[in-house]
Amino acid sequence: RVLFRSGLTREEMSPVARMMAIADIFEALTAVDRPYKRGKRLSEAMSLMARMRDHKHIDPELFELFVKSQVYRDYASRFMAPEYVDEVDEASLLKPA
């Protein structure tokens with residue numbers, strides 16, 4: 001039984017809710033407009049999310065899709081400051097611990 005960060009099991013969350021959780025976490029990690037923390041570089045955010053996948057806090061299949069589709073790169077190019085957009089080792093992200 002996988003318990004996601006929301007406190008719900010995978011079966012209790014719709015696929016859309018699980019997708020939104022990944023998007024929300026990514027946006028929160030990379031946001032630079034938060035007064036209480038600095039935003040993470042792209043590689044840092046993605047590594048943290050891979051660890052969240054390994055600890056069963058986010059859906060592993062949807063995280064894989066998030067990486068393979070490179071939607072995170074599209075977001076980064078549109079909304080992140082260039083100094084926060086660095087290289088991401090996608091192969092290492094796709095290998096569960």
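This passage describes the helix packing and the nonpolar core of a predicted model. Local features are restricted to pLDDT of at least 70 and side-chain atom pairs to pLDDT 80 or more, whereas totals for chains, interfaces and linings use all residues. Residues are numbered from 1 along each chain as its sequence is written, and side-chain values use heavy atoms, without hydrogens and water.

The axes of α1 and α2 come within 9 Å and cross at roughly 140 degrees; axes are lines fitted to C-alpha atoms over the stretch in contact, with angles from 0 to 180 degrees between N-to-C directions. Helices are DSSP runs (H or I, at least four residues) numbered from the N terminus. Ile22, Ile25, Phe26, Leu29 and Thr30 of α1 form the contact (heavy atoms within 4.5 Å) with Leu42, Ala45, Met46, Leu48, Met49 and Met52 of α2.

Helix α2 (residues 42-54) and helix α3 (residues 60-68) have axes that come within 10 Å and cross at roughly 155 degrees. The pair is therefore roughly antiparallel (angles over 145 degrees). Here Met46, Met49, Ala50 and Arg53 in α2 meet Pro60, Phe63, Phe66 and Val67 in α3.

The largest nonpolar core, a set of buried Ala, Val, Leu, Ile, Met, Phe, Trp, Tyr and Cys residues joined through side-chain atoms within 4.5 Å, has 20 residues. Buried denotes under 20% relative accessible area (1.4 Å probe, protein chains only). Phe26, Leu42, Met46, Met49, Phe63 and Phe66 touch the most other members. At least two core residues come from each of α1 (15-30), α2, α3 and α4 (71-79), and α2 gives the most, with 6 residues. Beyond its neighbours within four places in sequence, Phe26 contacts Leu42, Ala45, Met46, Met49, Phe66, Tyr72 and Tyr75.

Note on methods. Parallel < 35°, antiparallel > 145°, perpendicular 65-115°, else oblique. Buried < 20%, exposed > 50% of the residue type's maximum accessible area, 1.4 Å probe, protein only.
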